[in-house]
Amino acid sequence: TLRGRALDTGIPAPAKSREGDGRMSRKKRKRPPRPVRVATVEALVEVLAEEIPARFLPRILVDLQKKTAEALESASVPFQKIITLGTARRLTVMMEGLPSTQKERRFVKRGPPVDLSYSPDGIPSLAAVGFAKTAGVRVTELVKRKEGNREYVFAETIIPGKKIRDVLQTLVPDVLSKLELPVSMRWGVGE
């Protein structure tokens, strides 16, 4: 029996099951739920440059990492890690743990007070129509909320997330143009 073999080898015998016959219970044990994994992407951006003096490189790399992190956060793109590397003619940014698509963003804009936005009959005034037009929503989509002592009209807009590749194509040139360089250099096509 299994019990006898376990004793011969010096391995402790399995605990008795509830039935008490020495066999392991065949009941399935509940496994803990698996964590939900979100598909993540890595991105590598390499920038070729003119000769960068060695004494400027550490400061440029720190600034590049900081500006990239700020830009990703402002674009609603979470990340796990940003690594910057560089040589005299190259700057690289490695971004790890990026989602495959950007999070959708929700904007709430406060408009005029309700008493100025609607007539007593509930008909929208020019103020409500103008606010809805500038907010990019229909007048029927305006929401009334109380803030402080007054009730205001609010416009809520949801911008769907873009693919991360499209986000990075607009984000990287912005980051490079905002780098603080000790020696003036121009990024781009010289405009």
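## Packing around helices α2 and α5 in a predicted chain

The chain has 5 helices and 6 strands, both taken as DSSP runs (H or I over at least four residues for a helix, E over at least two for a strand) and numbered from the N terminus. Along the sequence these elements follow the pattern α-β-α-β-β-β-α-α-β-β-α. The model is a predicted one, in which local features need a pLDDT of at least 70 and side-chain atom pairs count only at pLDDT 80 or more, while totals for chains, interfaces and linings use all residues. Residues are numbered from 1 along each chain as its sequence is written, and side-chain values use heavy atoms, with hydrogens and water left out.

### Confidence and overall packing

The predictor's confidence in each residue, pLDDT, runs from 0 to 100; its average over the chain is 82, and 77% of the residues score at least 70. Confidence is highest in strand β2 (residues 81-86), at a mean of 94, and lowest in helix α1 (residues 2-9), at 47. Over residues 1-8 pLDDT stays under 50, and the model has 7 contacts for this stretch beyond four places in sequence, a contact being heavy atoms within 4.5 Å. Where pLDDT is low, the predicted coordinates should not be read in detail.

Of the 191 residues of the chain, 29% count as buried, which means under 20% relative accessible area, with exposed set at over 50% and partly exposed in between (1.4 Å probe, protein chains only). Among contacts with a separation of 6 or more, 62% are accounted for by residues 24 or more positions apart.

### The two helices

The expected span of a helix is 1.5 Å times one less than its number of residues, and the table sets this beside the distance between the end C-alpha atoms.

| Helix | Number of residues | Expected span | C-alpha to C-alpha span |
|---|---|---|---|
| α2 | 18 residues | 26 Å | 26 Å |
| α5 | 14 residues | 20 Å | 20 Å |

In α2, the buried residues are Leu57, Ile60, Leu61, Asp63, Leu64, Lys67, Thr68, Ala69, Ala71 and Leu72, and they pack against β2, β3 and α5. After α2 comes Ser76, whose phi is positive, near 60°. Helix α5 (residues 164-177) buries Ile164, Val167, Leu168, Leu171, Val172, Val175 and Leu176, and what covers them includes β1 (40-48), α2 (57-74) and β3 (90-99).

### Nonpolar cores

A nonpolar core is a set of buried Ala, Val, Leu, Ile, Met, Phe, Trp, Tyr and Cys residues joined through side-chain atoms within 4.5 Å. The largest such core has 28 residues, of which Leu72, Leu91, Met95, Leu98, Leu168 and Leu171 touch the most other members. At least two residues of this core come from each of β1, α2, β3 and α5. Separate from it is a second core of 10 residues, including Val114, Ala132, Val137 and Ala155.

Two residues of strand β3 show how that strand is enclosed. Met95 lies in strand β3 and counts as buried, at 1% relative accessibility. Beyond its neighbours within four places in sequence, Met95 is in contact with Val41, Glu42, Ala43, Val45, Thr68, Leu72, Lys81, Ile82 and Leu168. Phe79 is 16 residues from Met95 in sequence and 7.1 Å from it in space, C-alpha to C-alpha. Thr92, also placed in strand β3, is buried with a relative accessible area of 13%. With neighbours within four places again set aside, Thr92 is in contact with Leu44, Val45, Glu46, Leu64, Ile83, Thr84 and Leu85.

### Cavity and pocket

On a 1 Å grid over the protein atoms alone, a cavity is a set of points where a 1.4 Å probe fits but cannot get out, whereas a pocket is an open set with protein on both sides within 12 Å along at least five of seven lines, and lining residues have an atom within 4 Å of a point. Grid points are joined across faces, edges and corners, and a volume is the space filled by probe spheres set on the points.

By this rule there is 1 cavity of 30 Å³ or more, and the largest cavity has a volume of about 80 Å³. Its lining consists of Val45, Val47, Leu64, Thr68, Leu91, Thr92, Val93, Met95, Leu171, Val172, Val175 and Leu176, and β1, α2, β3 and α5 are the elements that give two or more residues to it.

The largest pocket holds about 150 Å³ of space. Lys67, Glu70, Ala71, Ser74, Ala75, Val167, Thr170, Leu171, Asp174, Val175 and Lys178 line this pocket; the elements that give two or more residues to its lining are α2 and α5, and α5 gives the most, with 5 residues.
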